[in-house]
Amino acid sequence: MKYSINQNDKHDIEASLKYTAHILQENKNCVIMYPQGELLPFDKRPVMFKRGGLSFLLDHCEKQFQILSIACKIQYYTERKPEVIVNFGQLINSKIKGCLKKTETDFIKTIDELDKNSINRNFCKEILYGKF
C-alpha cells in the first residue's frame, strides 16, 4: 500500500505516523521514508533531517524493526543510457541505544560512499533485464 503524509496538516501527520507504527508491527511490512521529509538530490548539502517521523516511530512501535539507509544516484558515464547506482548502509535495529543518531550518521555515510564510489566507478555492476 502506498500513502503519503500531508506535512501541512498536523492531524494528517499524526494519523499517518500512527498508521505507520501500526503496520510496522508486522514483520512482513516495509516503510520507505525520506529523512529530509521529501525526495531530494543525493548531493544536496547540508543534509537537514526532518524531525518527528522516525523519532515518533521509535517511541511508538512496541516491536523492533530494522532501519536501512539507501542512497541512489543516476549517473551518465560514456554510455547513452544512464546507470542507476545504489548504495546500502548498515542494518540498524530500532531498539538499540542511540538509534536515531546512529541512523542519521549512517545515512550521511551512505550518501558519501555513493558519491565516492560513483566517481571512482567502484561498485558491483548488476544488469537487470526487463521492459522499461
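Starting from the N terminus, the elements of the protein chain follow the order α-α-β-β-α. That gives three helices and two strands, and it is worth keeping in mind that we are looking at a predicted model. Along its principal axes, the C-alpha trace spans about 50 × 35 × 30 Å.

Let us begin with some overall figures. The protein chain has 132 residues, and buried ones make up 30% of them. About 10200 Å² of the chain is exposed, with carbon and sulfur atoms supplying 55% of that area. On the charge side, there are 21 positive and 16 negative charges, and their mean positions lie 2 Å apart. If we take contacts between residues at least 6 apart in sequence, 54% of them join residues at least 24 apart.

Now to the strands. Strand S1 covers residues 66-75, and strand S2 covers residues 83-93. The two pair in the antiparallel sense, over nine bridges. To find one of these pairings in the structure, look for Lys73, whose bridge partner in S2 is Ile85. The side chains of S1 alternate along the strand: Ile67, Ser69, Ala71, Lys73 and Gln75 point to one face and are buried. Gln66, Leu68, Ile70, Cys72 and Ile74 point to the other face and are not buried.

Staying with S2, we can pick out Asn87, which lies in this strand. Asn87 counts as buried because its relative accessibility is 13%, and the cut-off for buried is under 20%. Leaving out residues up to four places away in sequence, Asn87 touches Ser69, Ile70 and Ala71, as well as Thr110, Glu113 and Leu114. Asn87 and Asp112 are 25 residues apart in sequence, yet their C-alpha atoms are 9.6 Å apart in space.

Next, the interior. In soluble globular proteins, nonpolar side chains tend to be buried together. Here the largest nonpolar core has twelve residues: Leu17, Ala21, Leu24, Leu54, Phe56, Leu57, Leu58, Cys61, Phe65, Ile67, Ile92 and Cys99. Helix H1 (10-23) and helix H2 (53-60) each supply at least two residues of this core, and H2 gives the most, with four. Apart from this core lies another, of nine residues, including Phe42, Ala71, Tyr77 and Phe107.

H2 deserves a visit of its own. Its buried residues are Gly53, Leu54, Phe56, Leu57 and Leu58. What covers them includes H1, S1 and helix H3 (99-120). Leu58 makes a good place to zoom in: setting aside its neighbours within four places in sequence, Leu58 is in contact with Phe65, Ile67, Ser94, Lys95, Cys99 and Leu100.

Finally, follow the loop between H1 and H2, where Pro46 is found. The peptide bond leading from Arg45 to Pro46 is cis, with omega near -5°. Ile32 has its place in the loop between H1 and H2 as well. Is Ile32 buried or exposed? With a relative accessibility of 68%, Ile32 counts as exposed, because the cut-off for exposed is over 50%. Ile32 and Lys63 are 31 residues apart in sequence, and 18 Å separates their C-alpha atoms in space.

Definitions and conventions:
Residues numbered from 1 in each chain as written. Predicted model: local features only at pLDDT ≥ 70, side-chain atom pairs only at ≥ 80, totals over all residues. Heavy atoms only, no water. Buried < 20%, exposed > 50% of the residue type's maximum accessible area, 1.4 Å probe, protein only. Contact = heavy atoms within 4.5 Å. Areas by Shrake-Rupley, 256 points an atom, 1.4 Å probe, with all protein chains shown as cover. Lys, Arg positive; Asp, Glu negative; His and termini not counted. Charge placed at Lys NZ, Arg CZ, Asp CG, Glu CD. Pairing = 2+ DSSP bridges. Core = buried A, V, L, I, M, F, W, Y, C linked by side-chain atoms within 4.5 Å.
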